[in-house]
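Biologist: I should like a close look at one part of this model, namely its salt bridges. Please also set them against the strands and the cysteines, in terms a bench biochemist can follow on the screen.

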Amino acid sequence: MSKRKVQNDHMPSGECVTQLQTILRKRLCHQQLPEKLEGVEAQHKHLLELLKQTAIHGESNSVLIIGPRGAGKTTLLKCVLRHLLEEKEVQKNLLQVHLNGLLQTDDRIALKEITRQLNLENVVGDKVFGSFAENLAFLLEALKKGDRSSSRPVLFVLDEFDLFAHHKNQTLLYNLFDVSQSAQAPIAVVGVTCRLDVLELLEKRVKSRFSHRQIHLLSSLTFAQYLERVRAQLSLLDDFPETKFAQNWNAGIETLCEDKSVKEVLQRHYNSSKDFRSVHMLLMSCLSRVSVAKPAIKPVDLLEASRLCLADAKANMLHGLSILELCLIIAMKHLNDIYEGEPFNLQMVHNEFKKFLQRKSNSMYNFDQPVVMKAFEHLQQLELIRPVDGSSAKTQREYQLMRLMLDHSQIMEALQKYPQCPTDVQQWAMSAFG
Amino acid sequence: TPRHATPSIPSRSLPARQPGNVLEEARIRLHVSSVPESLPCREQEFQDIYSFVESKIIDGTGGCMYISGVPGTGKTATVHEVMRCLQHAADVDEIPPFTFIEINGMKMTDPHQAYVQILQKLTGHKATADHAASLLEKRFSNPAPRKESTVLLVDELDLLWTRKQNVMYNLFDWPTRRHARLVVLTIANTMDLPERIMINRVASRLGLTRMSFQPYSFKQLQQIIMSRLNKVKAFEEDALQLVSRKVAALSGDARRCLDICRRATEICEHSAAERSATGLVGMSHVMEALNEMFSSSYITAVKCASVHEQLFLRAVIAEFRRLGLEEATFQQVFVQHQALCRVEGLQPIGVSEGLAVCQRLGACRLLLLEPSRLGVLQRVRLNVSQDDVLYALKAD
């Protein structure tokens, strides 16, 4: 044992970095459950008590967890379930059914999935027998036969709850809520959704049967707390085998979070969204720059990663265009300026472009109509311009009305950075009118 | 074997825990599922339905009745209670025996499944919808010795609507046959359903025996809770009154009332754990429960949004004011957003980031958006009132 410890103390730094990468990647990419939740203690307690009532006392309940994307709804639910299943009594009794609105796109599939997960008697192997109607009747009959004190409680988790509300007649929701409101087998229905107006989607009889318990996950995180969480996400815990390395790493993270430019970057991200998933993306690209040669995250890495995250996608696309395509875009910009956002067609753009060429003595860009047309089509394929109405077949391509899908700031920014942009083109873009 | 499977949920290893104290007892009594023996405040309706069905059974004739009312006013519960009483009367030989069956439009996948379920409940046979229809037709039109009366309850009638309305037609036509001895009770939400969706020959067969359940008044709601609690002393008088007044003002839905009371009991339970209070559910607990279940969360959502999200909402309002319309394209709003950024001294954001902000607000439905493929041309509308947004932004 002691020998192994000695070996561990001298773990080569390459191995340390690999370990570090695995631990942090698990945290950032695989949505590893945290040890304890921060900032949502009240919600956690509410949900835990509610599910306990179902699991232990056999009381039927329904609840909706609502919060913006990336606010930790599923994490909350998973943490609650983990706590709940720690109790022996619950572990033996609770049946779980997990449904997702994206997978179970109609009631027929959802019902099969429920039957399969509950392992009812009409399941043989992995297959569910009987028609849709029979399945529904069978499930309802099974639930009806149960009663509060003797049958095992069932937990239904409906992820993407709002999609279930779009099913025909909302049959599944009606039946689940109806069971939860009548003296049948005890069930708890937990819906998870990001829509605040989800109750307006429900039909009135379904809504009447829902118990109107809602758990809102709206984070009121301050920037200091935000910074603290970033630090916690990156820090290594005490159980890291190589203590020396861990200490160094944590000290490095500490100084990183104190750094002024890092704080500025994080503040910018915080201003744009409090959602933690986007920060994970940012930290991931920092983490991938950590190697044996450079076993620490430097402020420069974070700045670079942030630059990548915030880069404007359309402006990047403009960098890859040819000069002709760029000229057409500029002509469109001028048309937009003159005619205040009215749609245009290829002829108008080409005319505008020709006006520019006339003023130039050297006709370096004097392209034929088919070439211009090709460039125009390429722009359409990139969806930098789009037809006003969808019916493309009726009108000839030259006369089809189009709209520009770019903001002027994007065009100007792209022109600044365009590699070796001809000066006259740049001047033409700058000038007020074509 | 699946053909003869008996549906059941596995039973638990330990029976469920019994309630330990007054509050837990109250919670169980307040659960919507624990329907009391006799429903308070529905005596008149009970009497009407009872005498209607009783007379039909005694005469050996058939008939239809249409019952309407908003959800949660005790329609189905009253009919069930009537049936329980009649069943009891039949057991002691006061009236001839009858069979009671029940179908629910929401609990079947297709209107034609009604035939299958009726047949199965009458005879226990399984058949396809067409076959079941012809079997039922035969059963109700031919005379048979020692035929019992049948009472059929059809819940959620509006779901049985088909384009040719043959399911509804059959349901209302069978009782008119001489030998059918069928009483059909139908339940739906809207009062004018027969006039609205049924064609004339269906509506005329349904007849004019109608009954509508009014929403509960606050006194009735109070009485319902009192009768549920039945001497379990868990609530303060004022607290009960507040709940019933609030619910009666909003919808008169008894389910909602009971759910709020249950939540209030829960809140009381948790707060009692911290400091040993009186143990009664008081005004403050009820207020908290009401707030939780009635308040809209839009304002909190706006308050908790990030800086740029809030700024974007302000930009939307500013653009609406400028245009005098309730709709603007993303491009127009973005110009306002950039201006607001400059005013606030924030670093302006790029178009991609602005679109992401806009999408996030759209995902939680603070904004209504067109499909995101339209990019900067997509139109933006507010899903909340401007006043709410301004209030939320001003409060901090």
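Modeller: A residue is called buried when its relative accessible area is under 20%, exposed when it is over 50%, and partly exposed in between. The same terms will serve throughout, and the model to which they are applied is a predicted one. Its scores are ipTM 0.93 and pTM 0.91. For chain B, the mean pLDDT is 89, and 96% of the residues reach 70 or more.

A salt bridge here requires a side-chain nitrogen of Lys or Arg within 4 Å of a carboxyl oxygen of Asp or Glu. Over all chains, 39 pairs satisfy that rule.

I begin with a pair within chain B. B:Glu195 and B:Arg210 form a salt bridge whose closest N and O atoms are 3.0 Å apart. This contact links distant parts of the chain, for B:Glu195 belongs to helix α7 (residues 193-197) of chain B and B:Arg210 to strand β5 (residues 210-213) of chain B, a separation of 15 residues. With a relative accessible area of 31%, B:Arg210 falls in the intermediate range and is therefore partly exposed. Its partner B:Glu195 has a value of 52%, so it counts as exposed.

Strand β5 of chain B also has a place in a sheet. That sheet is open, has five strands in the order β2-β3-β4-β1-β5 (chain B), and shows parallel pairing. Its edge strands are β2 and β5 of chain B, each of which pairs on one side only. From one strand to the next, the twist averages 15 degrees. Within this order, strand β1 (residues 63-69) of chain B runs parallel to strand β4 (residues 182-188) of chain B, and six bridges join the two. One residue to pick out there is B:Ile67, whose bridge partner in β4(B) is B:Ile187.

The next pair crosses from one chain to the other. B:Lys107 is in a salt bridge with A:Asp178, and the closest N and O atoms are again to be found 3.0 Å apart. B:Lys107 lies in the loop between β2 (98-104) and α4 (113-123) of chain B, whereas A:Asp178 sits in helix α9 (residues 171-180) of chain A, which means that the pair joins two chains. The two ends fall in separate classes of accessibility: B:Lys107 is partly exposed at 22%, while A:Asp178 is buried at 13%.

A further pair stays within chain A. A:Arg231 forms a salt bridge with A:Glu254, with 3.5 Å between the closest N and O atoms. Because A:Arg231 is in helix α12 (residues 223-234) and A:Glu254 in helix α13 (residues 243-258), both of chain A, the contact ties together parts that are 23 residues apart in sequence. Both residues are partly exposed, A:Arg231 with a relative accessibility of 22% and A:Glu254 with one of 36%.

Salt bridges may also join into networks. One such network links A:Glu59, A:Arg213, B:Arg27, B:Asp259, B:Arg262, B:Arg263, B:Glu266 and B:Glu292.

The domain assignment helps to place the residues of chain A. It gives domain 1 (18-23 + 221-310), domain 2 (41-216) and domain 3 (315-433). Domains 1 and 3 of chain A have C-alpha centres 42 Å apart.

A strand of chain A offers a setting to compare with these charged pairs. Strand β1 (residues 61-66) of chain A has six of its six residues buried, so the rest of the structure largely encloses it. A:Asn61, A:Val63 and A:Ile65 are buried on one side, and A:Ser62, A:Leu64 and A:Ile66 are buried on the other, so that both faces are covered. β1(A) pairs in the parallel sense with strand β6 (residues 187-193) of chain A over six bridges, and A:Asn61 stands opposite A:Ala188 in β6(A). Three bridges, likewise in the parallel sense, pair β1(A) with strand β7 (residues 214-216) of chain A. There, A:Ile66 has A:His216 as its bridge partner.

Finally, the cysteines. The count of disulfides over all chains is zero. A:Cys79 is one of the cysteines in no disulfide, the nearest cysteine sulfur being that of A:Cys29, 19 Å away. A:Cys79 is buried, at 2% relative accessibility. B:Cys304 is buried as well, at 15%. The cysteine sulfur closest to that of B:Cys304 is in B:Cys364, at 11 Å, and is therefore too far for a bond.

Note on methods
Residues numbered from 1 in each chain as written. Chains lettered and ligands numbered in written order. Predicted model: local features only at pLDDT ≥ 70, side-chain atom pairs only at ≥ 80, totals over all residues. Heavy atoms only, no water. Helix = DSSP H or I, 4+ residues; strand = E, 2+ residues; numbered from the N terminus. Buried < 20%, exposed > 50% of the residue type's maximum accessible area, 1.4 Å probe, protein only. Domains from an automatic or database assignment. pLDDT = per-residue confidence, 0-100. Disulfide = S-S within 2.5 Å. Pairing = 2+ DSSP bridges. Axes fitted to C-alpha atoms, helices over the stretch in contact; angles between N-to-C directions.
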